[in-house]
Structure formats: structure tokens, C-alpha cells
Amino acid sequence: MKKTFQLALAAVLFAGCASSKISTKENNMSVENLPQNTILKIEKIVVNGKTFSPKNTEEDPNISFDNNKFYGYSGCNRFFGAYQSDGKVLTVEGDRVASTQMYCHPQDVMDFENSFLSNFKGKFKISNENGKFILINDNGAMKIFFK
């Protein structure tokens, strides 16, 4: 079952990349290329140049997008919210993100989650760098790398 899901996820991602209008200069993709109803596992985030990797989490942090809504798991808590899109930019309004409020151990789990949730707001571009799907906020202070 897990291999079938992974193959389906890979097929969706490859199909999205094959039909995308990728700029050869910046490798920016349109929001139309954002996989819908697909669990995207978060490999790491970079906030203001500092890398946070999801270590010691019970399951991989992830996010799914579905018709201008998103939901996922941030390492300890579940989160959800809404986004808007103009076709090129995905906008997450800070007051439109909510999460459960459990405390988890060890501290690096909470550090990852706090860094992710407190910075997952604003305008994001979708990019493809070295075959990896990435969300980059408008000022470049936050990058979310997916597996």
C-alpha cells in the first residue's frame, strides 16, 4: 500500500513538472502546479538562513493543499488554514492558520514546529530546485523543502 502511494505521488509530481511552465531563469512554477489532495512530506525548512530538520517526530511533517485550503502535521500538532492564489503566488494569511496546541518532547520537535508555524504566512512562490519542490516566501526568509 505504501509503495503504491509513493508511486502515485511520484507520478503526480512528475506529471505536474512535465506540464508546468517552468521559467529556465528562476525555475518558478505557477500555483496551478501545486499538487492537490496529495500529502507532501516536509524534508526541512530554512528560516532566515537557519535550517530546521524534523528530527524525533512520530511521523514526517507534511502538508496537503485542496481547493484553497491546506492541512497537515507539523511534527507535534495538526494544522489547517486557507490560502489565496493569483496564479503565480500563494498567499497564506497569518490569521487564517490554526493548529492544535499540544506540547511535545524533545525540544527539537517543538523548535521545528514553532519555526514552521510562526513563519508559514505571507506570499509564497513555488519553485523547483534540483528536482525538489520548494515554497519560498516573498522576502526569501522562509523556504520549505519537500521530499
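A residue here is called buried when under 20% of its relative accessible area is left, exposed when over 50% is, and partly exposed in between, using a 1.4 Å probe and the protein chains only. By that yardstick, both cysteine 76 and cysteine 104 are buried, and this pair forms a disulfide. What you're looking at is a predicted model, in which local features need a pLDDT of at least 70 and side-chain atom pairs count only at pLDDT 80 or more, while totals for chains, interfaces and linings use all residues. Residues are numbered from 1 along each chain as its sequence is written, and side-chain values use heavy atoms, with hydrogens and water left out.

**Overall picture**

- The protein has two helices and 10 strands, where helices (H or I, at least four residues) and strands (E, at least two) are DSSP runs numbered from the N terminus.
- Starting at the N terminus, the order of elements is α-β-β-β-β-β-β-β-α-β-β-β.
- Of the 147 residues, 41% are buried.
- About 8,500 Å² of the protein is exposed, and carbon and sulfur atoms supply 52% of that; the areas come from the Shrake-Rupley method with a 1.4 Å probe, and for residues only the protein chains shown count as cover.
- Take the contacts (heavy atoms within 4.5 Å) between residues at least 6 apart in sequence: 52% of them join residues at least 24 apart.

**How far to trust it**

- The average pLDDT, which is the predictor's confidence in each residue from 0 to 100, is 81, and 81% of the residues score at least 70.
- Over residues 1-26 the pLDDT is below 50, although this stretch has 21 contacts in the model beyond near neighbours in sequence.
- Where pLDDT is low, the predicted coordinates should not be read in detail.

**The disulfide**

- A search of the whole structure turns up one disulfide, meaning a pair of cysteine sulfur atoms within 2.5 Å.
- The sulfur atoms of cysteine 76 and cysteine 104 sit 1.7 Å apart, and the link is right-handed, with 75° about the S-S bond.
- This pair links distant parts of the chain, 28 residues apart: cysteine 76 is in the loop between β5 (69-73) and β6 (78-85), and cysteine 104 is in the loop between β7 (90-99) and α2 (107-119).

**Strand β4 and its partners**

- Four of the five residues of β4 are buried, so this strand is largely enclosed by the rest of the structure.
- Strands count as paired if DSSP finds at least two bridges between them; β2 (residues 40-47) and β4 run antiparallel, joined by two bridges.
- One of the bridge pairs matches leucine 40 with isoleucine 63 in β4.
- β4 also pairs with β5 in the antiparallel sense, over five bridges, and serine 64 has tyrosine 71 in β5 as its bridge partner.
- β4 and β5 make a hairpin with two residues between them, and asparagine 67 in the turn has a positive phi of about 50°.

**Two residues to look up**

- Threonine 57 lies in the loop between β3 (50-52) and β4 (62-66), and is buried, with a relative accessible area of 19%.
- A polar atom of the threonine 57 side chain is 2.8 Å from the backbone oxygen of glutamate 59.
- Leaving aside neighbours within four places in sequence, threonine 57 is in contact with Gly75 and Val109.
- Valine 92, in strand β7, is buried, with a relative accessible area of 1%.
- Not counting residues up to four places away in sequence, valine 92 touches several residues, among them Phe70, Tyr83, Phe120 and Phe124.

Notes. Polar contact = N/O pair within 3.5 Å; in protein donor to acceptor, adjacent residues only side chain to side chain.
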